[in-house]
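Open the model in your viewer and keep the selection box handy. We will go from stop to stop, with something to select at each one.

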Amino acid sequence: MKVLSIEAGSAGELAGILSGDDLVEIAGRPIRDAIDVAYVTGWEADKDELLFVFVRDGDRMAVSLPALHPADSGIELAPDRVRTCSNRCIFCFVDQLPAGLRPSLYIKDEDYRLSFTDGSYVTLANLPAGDHDRIVEQKLSPLYVSVHATDDRVRRRLLGNPDAAPIMEELARLIEGGISLNAQIVICPGINDGSAFERTLDDLLSLGARMESIAVVPVGLTRHRQGLPHLEPVTQGTARELVAIIRSRQKDFQDATGSPRVYAADELYLLAGIELPPYEHYGEFPQLENGVGLLRFFERTLSHRIVELERIVSEPMALTIVTAELAAPFLQEVIGRALASVAPIETRVIAVENRFLGRSVTVAGLLSGEDMTRALRKERPEGLTLLPGEAFNADGLTIDGMTLREIAAATGLNQLVRAHDIVDAIADCVQSSQREANI
């Protein structure tokens, strides 16, 4: 791993390490990536020092450093290169993006290391034997796996990969090695629903307790599918059928194990027009980032924190929440009721039509700056307006490259905030106004 920089006065600098050196070994173990570094330093944490081997201009240099992660010795290492996907999934979201967006949006990752560290999903379609052994040896658990179907013929069609390894064999090998798994099934109507879906659930649930959870999500289809295979969206009728099957399996496993094990994404319930399960249904929320139980988690978190606003908000204020269309009615009810119970806040939710990707894309994090701008110009909200924080990346850009400042300029709104937390956003706004009034 390449050394990017050395902190002045650190143990790394005192040992003579320079930017550009390559870290190749710690305590006699080869280093391939950040997982190896964390594994070896964690395994050897009972020692005072470890032997680190670096390569500079072809020469090996062995130095003793504290038995800590290199970052604690002032050594910044280059990030790992992401392993990319060789499948050609017929529903791949990246293939459905319009041209001209920032390059990072077109990266298709298939990296079990990110599955372990960040909860991203991998297909295991072409997992080398050496990597399988490494996962088991280093206990990279849990992993998150895109299964979609356990009938390999159906799965290979979905993945666009005729050589994909038999998935049940891959899952069983990992489970036998002590690895816990969380699976997802992306439903493509007419392909892996119906009897294929029921078989998939039965097969996955037969793997035992280490198959910790199964998330069922509807396929996401954008309007940019030119040249791609035709796929049908999940309709209300299909969503109702899926929820009925899921509920049947949930009852069996709730009775047998105390856990439903298989969960429908919130989007399925909303599409079906069926009330979401209660908060307790989701247990430890094993697939929250996959939209499973996200709305109930939000509702519970808001109810616990809402009391903070009682002593902060004393004057009437107007609040506008910007979100995607599907969840807007739920959020209007939940947020409006919660805020009105503790403070004089009039809440309004604006549902934004996703014209950029298409109306069937219903995730707030995929709203474009252009679409949010259009909705705000039309609705002309007053008071504090909150945009979904997840619609902006780490650099503050929406999927179409707009910044908050550009949206504010285009709409003429001066109380526009990108928010990850509603309570914090309201409190910050009120306290800022109070400070200005006291100047």
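Start by selecting P142, which is found in the loop between α4 and β8. The model you are looking at is predicted. Show the backbone here: the peptide bond that joins S141 and P142 is cis, with omega about 0 degrees. That is worth a pause, since most peptide bonds are trans.

**Either side of P142**

Step back to helix α4, residues 129–137. Colour its buried residues, which are D131, H132, R134, I135 and V136. Which elements do the buried residues of α4 pack against? Add α2 (34–43), α3 (112–118), β8 (143–146) and α6 (167–176) to the view, and you have the partners. Just after α4, click on K139, where phi is positive at about 55 degrees.

Now go forward to β8. Its side chains point in two directions: L143 and V145 go one way, while Y144 and S146 go the other way. Are these four residues buried or exposed? All are buried. Next, bring in strand β7, residues 121–122, which pairs with β8 in the parallel sense over 2 bridges. To see the two strands side by side, select Y121 and look across to Y144 in β8, which stands opposite.

**The sheet of 4 strands**

Hide that region and select β13, β12, β14 and β15. In that order, they form an open sheet of 4 strands with parallel pairing. The edge strands are β13 (345–352) and β15 (416–419), each of which pairs on one side only. From one strand to the next, the twist averages 25 degrees.

Zoom in on β12, residues 317–324, and its pairing with β13: the two run in the parallel sense and share 8 bridges. For one of these pairs, select T323 and then its bridge partner in β13, A351.

Two helices that pack on this sheet are worth adding. Helix α11 (residues 328–340) touches β12 and β13, and its direction makes about 170 degrees with that of β13. Helix α12 (residues 369–379) touches β12, β13, β14 (384–388) and β15, and its direction makes about 130 degrees with that of β13.

**Along α12 to R380**

Stay with α12 and show its side chains. Which of its residues are buried? They are G369, D371, M372, T373, A375 and L376. These buried residues pack against β12, β13, β14 and β15, and also against α13 (404–411).

Follow the chain onward and you reach R380, in the loop between α12 and β14. Although R380 is not a glycine, its phi is positive, about 50 degrees. R380 is partly exposed, with a relative accessible area of 41%.

**A27, another positive phi**

Jump to A27, in the loop between β2 (22–26) and β3 (29–30). A27 is not a glycine either, and its phi is positive at about 55 degrees. For context, most residues other than glycine have a negative phi. How exposed is A27? With a relative accessible area of 28%, A27 is partly exposed.

**A buried arginine**

Next, select R225, in the loop between β10 (211–218) and α8 (236–257). R225 is buried yet has no salt bridge. Where is the nearest side chain of opposite charge? That side chain belongs to D95, 7.6 Å away. A salt bridge here would need a side-chain nitrogen within 4 Å of a carboxyl oxygen, so D95 at 7.6 Å does not provide one.

What does the side chain of R225 reach instead? Draw a distance to the backbone oxygen of I90, which comes to 3.0 Å. Then display the surroundings: leaving aside residues up to four places away in sequence, R225 touches I90, F91, Q96 and L231.

**Zoom out**

To finish, show the whole chain as a cartoon. Its secondary structure comes to 14 helices and 15 strands. The C-alpha atoms fill a box of roughly 65 × 65 × 45 Å, taken along the principal axes. Colour by burial and you will find that buried residues make up 51% of the 439 residues. Among contacts between residues at least 6 apart in sequence, 68% join residues at least 24 apart.

Definitions and conventions:
Residues numbered from 1 in each chain as written. Predicted model: local features only at pLDDT ≥ 70, side-chain atom pairs only at ≥ 80, totals over all residues. Heavy atoms only, no water. Buried < 20%, exposed > 50% of the residue type's maximum accessible area, 1.4 Å probe, protein only. Lys, Arg positive; Asp, Glu negative; His and termini not counted. Polar contact = N/O pair within 3.5 Å; in protein donor to acceptor, adjacent residues only side chain to side chain. Contact = heavy atoms within 4.5 Å. Pairing = 2+ DSSP bridges. Axes fitted to C-alpha atoms, helices over the stretch in contact; angles between N-to-C directions.
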